[in-house]
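Reader: I've just opened this one and would like to go through it with you. Can I ask how you arrive at the labels you use?
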Amino acid sequence: MIAKTPEELAKLADAERIKDAGNYLRGTLVESLQDPLTGALAEDDAQLSKYHGIYQQDDRDLRDERRRQKLEPRYQFMVRIRVPGGVCTPMQWLDVDRIANTWCNRTIRLTSRQTFQLHGVAKRNLKSTIAEINAALLDTIAACGDVNRNVMCHSNPYQSRLHAEVYEYARRISEHLLPRATAYHEIWLDKAELSGLPAQTKPGYEELLSSSRKDEEPIYGKYYLPRKFKIALAVPPSNDVDIFANDLGFIAIAEDNHLLGFNVTAGGGLSLTHGETSTYPRLADVIGYCLKNKALQVAEEIVKIQRDNGDRINRKHARFKYTLEDRGVEWLKFELNRRLGWNMEPARPFIFEHSGDRYGWVEGANDTWHRTLFIPNGRIADTDDHPMMTGLREIAKVHDGDFRITANQNLLIGQVSSERKPAIDALLEQYRFTDTGQTALRLNSMACVAFPTCGLAMAESERYFPSLLDKLDLIIKQAGLQRDPILIRMTGCPNGCARSVLAEIGFIGKAPGKYNLYLGGGFYGQRLNKLYRENINEEQIVAELTPILHRYGREREPGERFGDFVIRAGYVKEVSAGKDFHL
Ligand code: SRM
Ligand code: SF4
C-alpha cells in the first residue's frame with residue numbers, strides 16, 4: 001500500500017495518522033514503558049498498544065478521589081489473550097491463573113469472544129505479563145486494534161469430531177490474518193525477559209524470539225484496517241457464537257458429521273451510539289457457499305475488500321457493516337468473486353435452533369465427556385461464598401483434556417476421560433459449581449465488564465446484573481418460567497460487548513442506574529431487538545417486565561419463545577433489518 005501524504009492523512013481519522021507514524025505498530029512504546037514519571041503510555045502509544053492486545057485503563061472507582069488529591073488517574077492495563085475458538089490446555093489454564101495472581105487483580109475474565117482478559121496490570125509489570133503469556137504458548141497479538149480479532153468457534157460437546165475440524169479452520173484463519181510485522185516480539189519478548197521466566201517455560205518460546213525484524217504487512221498494509229474486524233465459525237444447529245454479529249462468518253455445512261464447506265456470512269456488527277440514528281446494529285447477510293479448503297482465501301479477500309473500501313474518515317461509520325450497507329450485498333458478491341477468480345456457490349440450507357450453552361455432562365466421541373459450567377458474567381475469582389478460582393485450578397491439575405471458553409462467557413471442561421470424570425465430579429461438588437439450582441433465565445444471561453475498568457461505561461453492568469437477576473428470578477418463579485430459557489443481556493453502554501441488542505430482553509446503560517430496555521430479539525441470534533422503554537431505573541424495569549413475563553407464562557403458544565411472543569402480543573415491532581432498528 002502506498003504511503004499517504006500529510007495532506008491526505010489530515011483528511012482522515014486521527015487513528016490513520018497514528019498508524020502512519022507508528023512504524024508498523026512500534027511507535028515509541030519502548031520509551032513509554034520506561035518513563036518512570038507516569039503510570040500511563042504516551043497518547044499515541046496507548047492506541048498502538050491495542051494491536052498488541054493491551055488497553056490502557058484507569059480505576060474509575062478511584063477517579064474522583066484521585067482528582068481531588070491532584071493525582072493522576074490510577075492507570076492500569078487490561079491484557080486480552082488471543083485464544084482461537086476459546087480452546088486451551090489445562091497447563092495453559094494454570095499458567096493464566098498464575099499470571100492473574102502474580103501481575104493482575106487476581107481475577108480472570110472469560111469474554112464474550114472466547115478470550116481471557118486480565119485486568120489491573122501496572123505499566124511496570126506489562127512486559128513480564130506479556131512474556132509469561134507467550135511462555136505459556138499463548139499470545140495477545142491482534143486481540144484488539146484495527147485488525148482481525150480473536151476468531152470464535154462453536155464449542156459443541158455433541159459432535160466433537162466435526163467440532164475438531166471446524167476448530168482447526170478457526171485456528172488457521174486466526175493465524176493467517178495475524179499482523180506480520182515483528183514489533184510485538186521486539187517490544188515484549190526480549191531475551192532479558194526470558195531469563196526471568198519461571199522454570200516451566202515451554203519449549204518453542206526460544207523460537208518465538210528468533211524472528212528477525214520485519215516491516216511488512218502482506219494482507220493489511222501499513223494502515224491496517226479502517227476499524228476492528230471480527231470472524232466466527234458456527235456449527236448448526238447451535239449458533240452459540242452469534243455468527244450474525246460478526247463482520248465475517250462461516251457456517252459449517254456437514255454431511256454424516258464430516259465438514260464439506262461453509263456458508264459465508266458478511267456485514268454483522270452491533271454497536272450504536274445513543275441518539276445517533278446514523279449508527280445502528282446490523283445482522284450479517286448469508287452471501288454464498290464455499291468449499292472448506294477455500295475458507296482461508298475467502299477470509300483474506302473479504303478482509304482486503306474492507307481494507308480498500310472501508311471508511312477511514314469517520315470511525316463511527318468505519319465497520320464493514322456500513323461498507324456493505326452503503327454498497328449493497330450484490331456489490332460485495334461481485335467484488336469477492338472478482339478477487340477470488342472463481343464464483344461462490346449459492347448458500348446451502350442450514351438450521352439454527354439456539355444460541356445458548358448446554359450445561360451439565362454430555363458424552364462426546366471417543367468415550368470422552370464434556371461439562372459446561374455456568375460462570376456468572378465470565379468472572380473467575382475467589383470470593384467468600386465461592387472459591388471458584390481455586391476450584392478451577394484444582395480441576396486443571398487433574399484434567400488431561402482441554403478447556404473451552406464459550407462465546408457466552410462460560411467454561412467447558414472438554415475431553416474428560418471416563419476414568420477422570422469421578423475426580424472432576426468430586427472437585428465440582430467440593431467447590432460448589434452448581435448450575436442446577438439456577439433459573440434458565442440466569443443460565444442464559446450475559447453482562448459486559450463496564451465499571452470499574454471500562455473507560456466507555458455509562459452504567460454498571462457485570463457488578464450490578466446479578467442483583468437485578470435476583471429480582472427478576474422471583475417474577476420468573478411466580479410465572480412458572482424457571483425452566484424456560486430466555487436470553488437476557490446487559491451492557492453498560494451501547495457498544496454491545498455482551499451482544500444485548502440480540503437478546504430477547506436487552507439492557508443498555510444510559511447513565512448510572514438508568515438503562516434502555518429492549519425486547520424481541522431472536523432466540524437463536526436471528527433477529528435484533530427493539531427499544532421498549534428508555535432511561536428507566538430498577539424499580540421501573542421490574543414494573544415493566546412483571547406483567548409481560550406473567551402474560552408470557554399464561555398466553556404463549558406451544559414452543560413459542562419470549563422474543564417471538566412480545567412481537568405477537570404487540571409490545572414491540574419486529575426489526576427485520578439493522579436500518580429499521582431506530583424506526
Ligand atoms: Fe467490546 C470496546 C470489552 C466483545 C463492541 N470492549 C471494548 C473495551 C475494550 C473498551 C474500550 O475500548 O476502552 C471493553 C473493555 C472492558 C474491560 O474493562 O474489560 C470491551 N468487548 C469487551 C468484552 C470483554 C465484553 C465481555 O464482557 O465479555 C468482550 C471481549 C471480546 C474479546 O475477547 O475479543 C467484548 N465488544 C464485544 C462485542 C461482542 C462480540 O464481538 O461478539 C461487541 C459487539 C460486536 C461488534 O463488534 O459489533 C463489542 N467493544 C465494542 C465496541 C463497539 C465497536 C463499534 O463497532 O463501534 C467498542 C468500542 C470501540 O471499538 O470503539 C468496544
Ligand atoms: Fe464497556 Fe460499553 Fe463494552 Fe460494556 S458495552 S464493556 S460498557 S464498551
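Reader: Which atom of C454 lies 3.4 Å from an oxygen atom of ligand 1, a backbone or a side-chain one?

Author: A backbone one: an N or O atom of the C454 backbone sits 3.4 Å from an oxygen of ligand 1. Bear in mind that this is a predicted model.

Reader: What makes that a polar contact?

Author: The cut-off is 3.5 Å between N or O atoms. C454 is at 3.4 Å, so the pair counts as a polar contact. T453 passes too, with a polar side-chain atom 2.6 Å from an oxygen of ligand 1, and the side chain of Q117 has an N or O atom at 2.7 Å from one.

Reader: Which residues come nearest to ligand 1?

Author: T111, T115, T453, C497 and R499, out of 29 residues around the ligand. By class, that shell has nine nonpolar, 12 polar and eight charged residues. Strands β1 (54-58), β2 (75-81) and β5 (116-121) each give at least two residues to it.

Reader: And how many charged residues are there around ligand 2?

Author: None: the shell of ligand 2 has eight nonpolar residues, four polar and no charged. Among its members are C448, C454, C493 and C497. Cys counts as nonpolar here, so these four belong to the nonpolar group.

Reader: Let's turn to the domains. How is the chain divided?

Author: Into four: domain 1 (6-147 + 183-198), domain 2 (156-181 + 216-355), domain 3 (360-430) and domain 4 (440-580).

Reader: How do you know that domain 1 and domain 2 are in contact?

Author: Contact needs heavy atoms within 4.5 Å, and 22 residues of domain 1 meet that against 25 residues of domain 2. The area buried between them is about 2,200 Å², with 59% from carbon and sulfur atoms. On the domain 1 side, Y24, R113 and V147 supply 28% of the buried area, more than any other three residues. The C-alpha centres of the two domains are 26 Å apart.

Reader: Why is the pair D20 and K222 called a salt bridge?

Author: The rule asks for a Lys or Arg side-chain nitrogen within 4 Å of an Asp or Glu carboxyl oxygen. For D20 and K222 the closest N and O atoms are 3.6 Å apart, so the pair qualifies. The rule finds four salt bridges across the interface of domain 1 and domain 2. Helix α2 (residues 14-21) gives the largest share of the domain 1 side, four residues.

Reader: What about D139 and R82, how far apart are their closest N and O atoms?

Author: They are 2.8 Å apart, and D139 and R82 form a salt bridge. Along the chain they are 57 residues apart: D139 is in the loop between α7 (126-135) and β6 (152-153), and R82 in the loop between β2 and β3 (87-88). The whole structure holds 50 salt bridges.

Reader: Any oddities in the backbone? What kind of peptide bond joins F451 and P452?

Author: A cis one, with omega about 0 degrees. P452 is in the loop between β16 (445-447) and α18 (465-478). P236 and P237 are also joined by a cis bond, with omega about 10 degrees.

Reader: And what makes N377 stand out?

Author: Most residues other than glycine have a negative phi. N377 is not a glycine, yet its phi is positive, about 55 degrees. N377 sits in the loop between β12 (368-373) and β13 (379-380).

Terms used. Residues numbered from 1 in each chain as written. Chains lettered and ligands numbered in written order. Predicted model: local features only at pLDDT ≥ 70, side-chain atom pairs only at ≥ 80, totals over all residues. Heavy atoms only, no water. Domains from an automatic or database assignment. Buried area = accessible area lost by both parts, 1.4 Å probe. Near = heavy atom within 4 Å. Polar contact = N/O pair within 3.5 Å; in protein donor to acceptor, adjacent residues only side chain to side chain.
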